[in-house]
Amino acid sequence: MIFDKHSKKGAWNPSLKIKNIPHIQEHLVHWYMKNQRQLPWRETHDPYHVWVSEVMLQQTQVKTVLPYYEKFLRHFPDITSLAQADLQAVLKLWEGLGYYARARNFHRAANVVVKEYNSKIPDDPGEFQKLPGVGDYIASAVQSIAFGHPCAAADGNVKRVLARLFQIDAPVNKSASHKLFKSTADKLLASDMPGTFNQAIMELGAMICKPKHPMCDICPLPSFCLAHQARKTDEYPRRTPGKPVPEYHIAAGVVYKEGQVLITRRKPEGLLGGLWEFPGGKVRKNEDAKQACIREIKEETNLVVEVESHLTCVRHAYTHFKIVMDVFRCAYVSGRVKLNGPEDFRWIATEETEQYPFPKANLKFIPLLKN
DNA sequence: AATACGGGGGG
DNA sequence: CCCCCAGTATT
């Protein structure tokens, strides 16, 4: 084991001595050349295209990203068109992809590039990383792939590969571990072809060195892999246990008035920021979902409504909590909309919902709506 | 250093 | 159904 635990808790010996660097690089890149998937963002080095792909691929699997990537580039073929676009249009293309701050930050960053950098994406890792939504990983990935800068990308795939290759015991899900994985990745980086190398090691993590059931029998690196030799691949990467996620009971209402329904827009920041939804909120203790629906709609929109029927119950999991949402069909009774919480509202026909970006939890019941 | 922030896939 | 996965901004 390379990293010996010191007597002090949580301290890991950082004196990394990687062996066989040139061999590992050669085997890895050779494997990648022969086995890489054909992906649309690999057919170009255009920094904007690479950037789009990396923002989407953050926390998200290739299969999910593919259709979003194509659609996004059709609507916004270059940085200028993205900068000029309405945020709502950007969010609509992002609908269902999650982590909507990525879209908001990317849209802001595009405007910074147009205004501050003469519409040229910075060919400089430090400058590029100043942009909103561009952190260590995105900066390294885009700058290495598009411009050939020797920056190692250390995403989850890379950390898993490195943890196994060198039996690194630092937990991958602790922020304090990032430095160690990043510096290890930097040492292993083939700096004469950083873009190819970064993609190669990430591809290995995605296709071979998978979280569960790594395919060591067809891996190009088994003779270098310490975890594999110790028959302990399933013990790496180390991970500190997560916290239990609470479950909330939510009530939401589809308020009908003269053949239209009421939707509200969430504040621009925070959870699902800028997206539209059907009004509602948490069910309190000693309250049933129906009462909560009526109360929340009154609080958020000032409308008095009555519940006509129970439409459906939707379950949805977020990162750090999950919800059970009861959805009611409501009838408008009285009042004028005065917003308290939401940023905006619309009365729309149910077919018009497709023009607005909604959270996944709402998309689960929208098909049930009719005027 | 810990928390907020989606949604998909696998068992 | 529950569990696993994982970059960036914010606190």
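Let's start where the protein meets DNA strand B: helix H3 (62-75) and strand E5 (304-317) each contribute at least two residues to the surface near that strand. Keep in mind as you look around that this is a predicted model.

Staying with DNA strand B, you'll find 23 residues around it, and the ones that come nearest are Tyr 100, Lys 243, Leu 271, Leu 272 and Thr 319. As for what they face, 65% of the atoms of DNA strand B that come within 4 Å of the protein are sugar and phosphate. Sorted by class, the surface here is made up of 8 nonpolar, 12 polar and 3 charged residues.

Now zoom in on a few individual atom pairs. Lys 243, already named among the nearest residues, has a side-chain N or O atom 2.6 Å from a phosphate oxygen of DNA strand B. Two other residues use their backbone instead. Gly 96 places a backbone N or O atom 3.4 Å from a sugar or linking oxygen of DNA strand B, and for Tyr 99 the corresponding distance, again from a backbone N or O atom to a sugar or linking oxygen, is 3.1 Å.

Next, swing over to DNA strand C. Here 21 residues surround the strand, with Gln 59, Gly 133, Gly 156, Arg 239 and Arg 315 the closest. Sugar or phosphate supplies 71% of the atoms of DNA strand C within 4 Å of the protein, and bases supply the rest. The class count for this surface reads 7 nonpolar, 8 polar and 6 charged residues.

The polar pairs on this side are worth a look too. Arg 315, one of the closest residues, has a polar side-chain atom 2.9 Å from a phosphate oxygen of DNA strand C. Asp 136 also pairs with a phosphate oxygen of DNA strand C, this time through a polar backbone atom at 3.1 Å. With Gln 58, a polar side-chain atom sits 3.5 Å from a sugar or linking oxygen of DNA strand C. If you're after the elements that give two or more residues to the surface near DNA strand C, they are helix H8 (136-147) and helix H9 (156-165).

Finally, leave the DNA and pick out Ala 109, which you'll find in helix H6 (residues 101-116). Its relative accessible area is 0%, so Ala 109 counts as buried. Which residues does it touch? Setting aside neighbours within four places in sequence, Ala 109 is in contact with Trp 51, Leu 131 and Pro 132. For one more bearing, Ile 121 is 12 residues from Ala 109 in sequence, and their C-alpha atoms are 9.8 Å apart in space.

Definitions and conventions. Residues numbered from 1 in each chain as written. Chains lettered and ligands numbered in written order. Predicted model: local features only at pLDDT ≥ 70, side-chain atom pairs only at ≥ 80, totals over all residues. Heavy atoms only, no water. Near = heavy atom within 4 Å. Polar contact = N/O pair within 3.5 Å; in protein donor to acceptor, adjacent residues only side chain to side chain. Helix = DSSP H or I, 4+ residues; strand = E, 2+ residues; numbered from the N terminus. Nonpolar A, V, L, I, M, F, W, Y, C, P; charged D, E, K, R; others polar. Buried < 20%, exposed > 50% of the residue type's maximum accessible area, 1.4 Å probe, protein only. Contact = heavy atoms within 4.5 Å.
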